[in-house]
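This report describes the enclosed spaces, the open pocket and some of the aromatic contacts of one protein model. The sequence and the structure are shown first, and the text then takes up these topics in turn.

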Amino acid sequence: MDQPSLTWREARNTLLVNLLVWGVLCAVGAAGVYSDVLRQGGTRSYGRVLLHWDLNHALMLTLSVSLYLIFRRWPVLTASARAITRSYALVLFVFVPLQMFYLAVLDAARSAQPLDLARIWQLFITPHGFDVFLEFAWTTGTFTAVAAACIWRGSQARDRAWQQALTDNLNLNLELERQRMLALRAQLEPHFIFNALNAISALVRTSDGDLALNGINRLSDLLRYALTASSRDWVTVGEELAFVGDYLALQRLRYKARLQVAMEVGEVQGGDCPPLLLQPLIENALRHDLDCHEGQSDIRITVQRDGGQLYISISNPVTPGATPNPGLGLGLANTRARLQLAYRGAASLHSAARDGRFEVEIRMPFHAQE
C-alpha cells in the first residue's frame with residue numbers, strides 16, 4: 001500500500017525535529033566534555049566545546065535528515081529485513097569514509113595545517129578523537145532510529161488506510177441498504193396499490209367474485225414478496241420472475257386485453273440477482289407504451305444466460321408524437337445505481353431508442369445459488 005507523498009511541511013518538520021534532537025545530544029555531550037575540562041584545569045569555554053561538537057556532528061545531522069527523506073520517498077528500502085540490511089550496508093560503505101574525511105578536514109582547519117590524506121587512513125586504524133569505531137556506532141544508531149521512525153510511520157499509514165477501508169465498506173453497506181429501501185418504496189408507490197385496489201373493487205361491483213378474489217390473492221403475494229425480499233441481499237431469478245408475473249397479472253386487471261407481454265426465459269431460474277430489480281423497468285415500459293397510445297401493448301422481455309453473464313432485455317415501442325410520460329429515467333437511474341453497488345462495477349445497464357423501440361439491456365455476472 002503506497003504511503004502519502006512527502007510534503008514540504010513534513011520535510012520542514014523533519015529538519016526541525018532533527019535539529020532539536022541533535023542539538024540536545026550535542027549539548028549533553030559538550031556538557032560532559034566541559035566538565036572534564038574544568039576538572040583538568042582547562043580554559044576552554046562551554047560555547048567553544050559545544051561548537052566543536054556541533055561541527056563534528058553536522059554531517060551526521062545531514063545523514064539523519066537525508067535518510068528520513070529517502071526512506072519516505074522510497075518506502076521499499078525499509079519494506080523487509082533484507083532491504084533494510086542492504087540499505088544499512090550501503091550507508092556504512094558510503095557514509096563512514098565520508099565522515100572520516102570530514103573529520104580530517106576539521107582537524108586540519110583547527111590546527112591550521114594542510115590536509116594530509118594519509119591522516120584519514122590513520123583515523124581508521126588508531127584511536128583519535130571520534131575514531132572509526134565510534135563513527136560506526138553513531139552511524140548505526142542514526143540509521144536504526146531513522147529506519148524505525150519510517151517503519152512506524154508506514155505502519156500508522158497502513159492502519160489509517162485499513163480503517164478508511166473499513167469505513168468505506170460500512171458506507172457502502174449503508175448505501176446498499178438505502179438503495180434497497182428506495183427500491184422497495186419505488187416498487188410500492190401508492191398509485192400502483194390504489195390502481196390495483198380500484199381494479200379489484202370494480203370486479204367486486206360487477207359480481208365477478210372469483211376474479212376479484214384472485215386479484216386480492218395476487219396483490220397479497222406481491223406485497224408479501226416485496227416486504228420479504230427487501231430484507232435480503234439476493235433472490236433467485238425464478239423468484240424475481242414469479243414476482244414479475246404477479247405484478248403483470250395485477251396490471252392486467254387495469255389494462256385488460258391491452259396488456260400484451262412476450263417473455264423469453266432461458267434456464268436461468270437458479271441464478272441470483274438483487275431483489276425487486278425488474279419491476280421498475282417493466283413499469284417504465286408500461287407507462288411509455290400503454291399510457292401513451294390506444295390499443296394493445298408490445299412489451300418484450302428476454303432473460304437469458306450468455307456464458308458467465310445473465311442477459312436481460314426489456315423493450316417497448318416508441319409512439320411518434322406521443323407526450324412524454326413523467327418519470328422517465330428515475331427507474332433506470334435507481335436500477336443502474338443498485339447494480340453498481342451490488343456488483344462493484346461488474347454489471348452494466350444500457351438504454352437506447354432504436355428501430356422504433358426503446359430497449360433496456362442489463363448484463364451482470366451469473367451466479368447459480370446452491
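In this predicted model, the residues that line the second largest cavity divide into eight nonpolar, no polar and one charged. The lining is made up of Val237, Glu240, Leu241, Cys273, Leu278, Val303, Leu310, Ile312 and Met364, and the elements that give two or more residues to it are α9 (237-255) and β5. The largest share, three residues, comes from α9, and the space in this second largest cavity amounts to about 30 Å³.

A search of the whole structure finds two cavities of 30 Å³ or more, and the largest of them has a volume of about 70 Å³. Ten residues, given as 10 in the table below, line the largest cavity, and among them Leu281, Asn284, Ala285, Phe358 and Val360 lie nearest its centre. Two or more residues of this lining come from each of α10 (279-287), β5 (309-317) and β7 (357-365), with α10 giving the most, three residues. By residue type, the lining of the largest cavity divides into seven nonpolar, three polar and no charged. Strand β5 is thus named for the largest cavity and also for the second largest cavity.

The search for open spaces gives a largest pocket that holds about 380 Å³ of space. It is lined by 17 residues, of which Val17, Asn18, Tyr68, Val146 and Ala149 lie nearest the centre of the pocket. Helices α1 (8-39), α3 (58-73) and α6 (132-187) each supply at least two residues of this lining, and the largest share, eight residues, comes from α1. Nine of the lining residues of the largest pocket are nonpolar, six are polar and two are charged.

The table sets out the volumes and the linings side by side.

| Space | Volume | Lining residues by type |
|---|---|---|
| Largest cavity | about 70 Å³ | 10 residues: seven nonpolar, three polar, no charged |
| Second largest cavity | about 30 Å³ | eight nonpolar, no polar, one charged |
| Largest pocket | about 380 Å³ | 17 residues: nine nonpolar, six polar, two charged |

Aromatic rings are the next topic, and the whole structure contains five aromatic pairs. In one of these, the rings of Trp234 and Tyr343 have their centres 5.3 Å apart and their planes at 65°, so the pair is edge-to-face, given that planes over 60 degrees apart count as such. The two residues belong to distant parts of the chain, 109 residues apart, with Trp234 in the loop between α8 (209-229) and β1 (235-236) and Tyr343 in helix α11 (residues 330-343). Trp234 is partly exposed, with a relative accessible area of 32%, whereas Tyr343 is buried, with a relative accessible area of 8%.

Elsewhere, Phe71, Tyr88 and Phe143 form one aromatic cluster. Two residues of this cluster, Phe71 and Phe143, are touched by Ser87, which also touches Leu77, when residues up to four places away in sequence are not counted. Ser87 is found in helix α4 (residues 81-111), and its relative accessibility of 10% makes Ser87 count as buried. The side chain of Ser87 also reaches the backbone oxygen of Leu77, at 3.2 Å.

Note on methods: Residues numbered from 1 in each chain as written. Predicted model: local features only at pLDDT ≥ 70, side-chain atom pairs only at ≥ 80, totals over all residues. Heavy atoms only, no water. 1 Å grid on protein atoms, 1.4 Å probe; cavity = no way out; pocket = protein on both sides within 12 Å on 5 of 7 lines; lining within 4 Å. Points joined across faces, edges and corners; volume = space filled by probe spheres on them. Helix = DSSP H or I, 4+ residues; strand = E, 2+ residues; numbered from the N terminus. Nonpolar A, V, L, I, M, F, W, Y, C, P; charged D, E, K, R; others polar. Phe/Tyr/Trp six-rings, centres within 6.5 Å; stacked < 30°, edge-to-face > 60°. Buried < 20%, exposed > 50% of the residue type's maximum accessible area, 1.4 Å probe, protein only. Polar contact = N/O pair within 3.5 Å; in protein donor to acceptor, adjacent residues only side chain to side chain. Contact = heavy atoms within 4.5 Å.
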